[in-house]
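Open the model in your viewer and keep the selection tool ready. The stops below go from one selection to the next.

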Amino acid sequence: MNNRLLVRSWLPGVELFHADFSGQPFGRHSHDAFAIGAILHGVGGYQCRGARHALPAGTLSLMNPEEPHTGYAESPRLVYRMLYVEESRLPRLLGRKRLPRGFAELNPRDDGAVATALGRLAAEFERGDALAVESELLGLLELVFSRHGGLREAGPAPRDGGVTERLRDYLEAHYREALSLEALAAQLQRHPRHLIEAFRRAYGVPPHTYLLQRRIAEAKRRLLAGARLADLAVELGFYDQAHFSSTFRRFTGVTPGHYRRGGA
């Protein structure tokens, strides 16, 4: 068994569980949170709502708070990831007066968008970048509850009022720092979801992507000036050297070392 449960102190009521096991490790139980999961390998199974369910790789597993169920592997090995979000946190996270009804189907059909969004969130959760984690979390919740939880599509964000320009200026001035979406939203007096939507509309990308682009632009300048690769990751606010290298390659198509050699 190789299970991991990830939590972040600055994100209460939210947990990310990565399961990798065989057999039946979970007896009948329930959670005080919405559960949003995707099967990655094998076939998962559980007893819930008076029926036995089998979930092959590539399918979703959605459950409402306080729903009793068991959990086991139908195949020799089962791997899945599951996000737990306490119901009391939804008003703050979704920024809606009317909350979703909940999930009517335990494993609804989906085109893979929810599972992909959950994968992006899991990757950011591992790195612990608050701005990226919060942004991916809000996007995933909006997507899954709009598709499968009865949440109405969000209305347009309120008028900009110069907010996005102020946010851009702040990101430019503090791009090396660890930033929180919730703190930025409080500072600019906008809900985080509205802030992301308005910023994306103005600049084509969400704030955390803009921040990464700014860091990579600075990294390119410093690489050509002879900066050491080992120093750049920490100085520019990346989680570690691997995070810096993978992000650099995602935005430029080459590794930092290749880029520096090309400019020599």
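Begin at the second largest pocket, whose volume is about 280 Å³. A pocket is, on a 1 Å grid over the protein atoms alone, an open set of points with protein on both sides within 12 Å along at least five of seven lines, while a cavity is a set of points where a 1.4 Å probe fits but cannot get out; lining residues have an atom within 4 Å of a point. Grid points are joined across faces, edges and corners, and a volume is the space filled by probe spheres set on the points.

Select Ser135, Leu138, Gly139, Ile196 and Arg200, which are the closest to the centre of this pocket among its 15 lining residues. Two or more lining residues come from each of α2 (113–127), α3 and α6 (192–203); helices (H or I, at least four residues) and strands (E, at least two) are DSSP runs, numbered from the N terminus. The most, seven residues, come from α3. The lining holds six nonpolar, three polar and six charged residues, where Ala, Val, Leu, Ile, Met, Phe, Trp, Tyr, Cys and Pro count as nonpolar, Asp, Glu, Lys and Arg as charged, and the others, Gly among them, as polar.

A note on the model: it is predicted, so local features need pLDDT of at least 70 and side-chain atom pairs count only at pLDDT 80 or more, while totals for chains, interfaces and linings use all residues. Residues are numbered from 1 along each chain as its sequence is written, and side-chain values use heavy atoms, with hydrogens and water left out.

Next, select Glu142, which sits in helix α3 (residues 130–148). Is Glu142 buried or exposed? Its relative accessibility is 15%, so Glu142 counts as buried (buried is under 20% relative accessible area, exposed over 50%, partly exposed in between, with a 1.4 Å probe and protein chains only). Apart from neighbours within four places in sequence, Glu142 is in contact (heavy atoms within 4.5 Å) with Leu94, Arg96, Leu151, Arg152, Ala154 and Arg193.

Stay on α3 and add helix α5 (residues 181–188): the two axes come within 8 Å and cross at roughly 85°. Axes are lines fitted to C-alpha atoms, for helices over the stretch in contact, and angles run from 0 to 180 degrees between N-to-C directions. The crossing therefore makes α3 roughly perpendicular to α5 (65 to 115 degrees). On α3 the contact is made by Leu131, Glu134, Ser135 and Leu138, and on α5 by Leu181, Glu182 and Leu184.

Now show the largest cavity, with about 80 Å³ of space. Its lining is Arg92, Leu93, Glu134, Leu137, Leu138, Leu181, Glu182 and Pro192. At least two of these residues come from each of α1 (90–94), α3 and α5.

Move to the largest pocket, with about 390 Å³ of space. Of its 27 lining residues, His31, His69, Tyr80, Met82 and Tyr84 are the closest to the centre. Strand β9 gives the most to this lining, with five residues. By class the lining has 15 nonpolar, nine polar and three charged residues.

Finish with two loops. Most residues other than glycine have a negative phi. Select Arg49, in the loop between β5 (43–48) and β6 (51–56): its phi is positive, near 55°. Arg49 counts as partly exposed because its relative accessibility is 39%. Then select Glu66, in the loop between β7 (60–63) and β8 (69–73), where phi is again positive, near 65°.

Terms used
Parallel < 35°, antiparallel > 145°, perpendicular 65-115°, else oblique.
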